[in-house]
Amino acid sequence: MRLRALFVLGAAFVAGDAAAQPSEFDWAHITAPGNRPWDRGEGLPGTVNGRGSVDYTFYMSRYEITTAQWMEFINTYSARADRPSWVRLPYTWGAEVDPAYSGPGTRYRLSNQYVTPGYHAVSGISWREVARYCNWLHNDKSGELAAAERGAYEASTFGFDAEGNFTDQLTRSPGARYWIPSYDEWMKAAHYDPQRDYWYLYPTGSD
């Protein structure tokens, strides 16, 4: 299944350690561990009363993953003779095949069809691809194939059981440095104001 959605990252660093935060991301530090959960009963899809409390601090990327960020990841594994089968292109992004590259594999470059192609948000990425992206970041962007297989998520779990149910490890591994934010983390980062101890209906900081 491929998600027609943009995505952001969650991350863990030593609080206040700017050197530990990769410069290509703009991070928001989500504080107030143990905040009270959502209790407004409306405004968000689904049943959310009692959700949104997170008992640790973390970081959330302020913006969607860009073409430039995703292209670096794709090129790491697509420009190889043994290109992994999971390397697929997004539905939309600001990159194109690089005609000046002769192999192995395929390399991509920013497209001149956009004014600022590197900032074009990436959409239409599968959950498993994002999980591997988190693994790659966790492993300091190593070019080894194994760097995309474990770290934040164990890719060997990606599959189905005899009844056709997903067997994927959905919760990040202990010690993960980057991960796909949980629903509670996203709720808190987008709607909770720790200064007022208040839940906003909209992620724009208003009701």
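This is a short walk through a predicted model, going from the whole chain to its core and then to a few individual residues.

Let us begin with the overall layout. The chain contains 3 helices and 10 strands, and, read from the N terminus, its elements follow the order β-β-β-β-α-β-β-β-α-β-α-β-β. Of the 207 residues in the chain, 41% are buried. If you take the contacts between residues at least 6 apart in sequence, 64% of them join residues at least 24 apart. The accessible surface of the chain is about 11000 Å², and carbon and sulfur atoms account for 52% of that surface.

Now step inside. In soluble globular proteins, nonpolar side chains tend to be buried together. Here the largest nonpolar core has 36 residues, and those that touch the most other members are Trp70, Phe73, Ile74, Tyr77, Trp93, Tyr133 and Tyr153. At least two residues of this core come from each of β3 (27-30), β4 (58-61), α1, α2 (127-138) and β8 (178-179). Helix α2 gives the largest share, 6 residues. There is also a second, separate core of 6 residues, with Trp38, Met187, Trp199 and Leu201 among them.

Helix α1 is a good place to pause. This helix is mostly covered, with 9 of its 12 residues buried; among them are Trp70, Phe73, Ile74 and Tyr77. The buried residues of α1 pack against β5, β6 (108-110), β7 (125-126) and α2.

The aromatic rings are worth following next. The structure holds 18 aromatic pairs. One of these, between tyrosine 133 and tryptophan 136, is tilted, with 5.8 Å from centre to centre and 35° between the planes. These two residues are 3 apart in helix α2, so about one helical turn separates tyrosine 133 from tryptophan 136. Both tyrosine 133 and tryptophan 136 are buried. Ring pairs also connect Trp70, Phe73, Tyr77, Trp86, Tyr133 and Trp136 into a cluster.

That cluster brings us to tryptophan 86, which is found in the loop between α1 (67-78) and β5 (95-97). Why does a loop residue such as tryptophan 86 count as buried? Its relative accessible area is 14%, and the cut-off for buried is under 20%. Beyond its neighbours within four places in sequence, tryptophan 86 is in contact with Phe73, Tyr77, Glu129, Arg132, Ala148 and Glu149. With glutamate 149, tryptophan 86 also shares a side-chain polar contact of 3.5 Å. From C-alpha to C-alpha, tryptophan 86 lies 9.7 Å from serine 126, although the two are 40 residues apart in sequence.

Another loop residue to look up is aspartate 168, located between α2 and β8. Aspartate 168 counts as buried because its relative accessibility is 11%. Its side chain makes a polar contact of 2.7 Å with the side chain of arginine 128. Leaving aside neighbours within four places in sequence, the contacts of aspartate 168 are Trp127, Arg128, Thr157, Phe158 and Gly159.

Tyrosine 153, already met in the largest core, has contacts outside its neighbours within four places in sequence that include Trp127, Phe158, Arg172 and Trp179. Arginine 172 in turn lies over the face of tryptophan 179, 3.7 Å from the ring centre. Elsewhere in the chain, the charged end of arginine 196 sits over the ring of tyrosine 198, at 4.4 Å from its centre.

Conventions. Residues numbered from 1 in each chain as written. Predicted model: local features only at pLDDT ≥ 70, side-chain atom pairs only at ≥ 80, totals over all residues. Heavy atoms only, no water. Helix = DSSP H or I, 4+ residues; strand = E, 2+ residues; numbered from the N terminus. Buried < 20%, exposed > 50% of the residue type's maximum accessible area, 1.4 Å probe, protein only. Contact = heavy atoms within 4.5 Å. Polar contact = N/O pair within 3.5 Å; in protein donor to acceptor, adjacent residues only side chain to side chain. Core = buried A, V, L, I, M, F, W, Y, C linked by side-chain atoms within 4.5 Å. Areas by Shrake-Rupley, 256 points an atom, 1.4 Å probe, with all protein chains shown as cover. Phe/Tyr/Trp six-rings, centres within 6.5 Å; stacked < 30°, edge-to-face > 60°. Lys NZ or Arg CZ within 6 Å of the ring centre and 35° of its normal.
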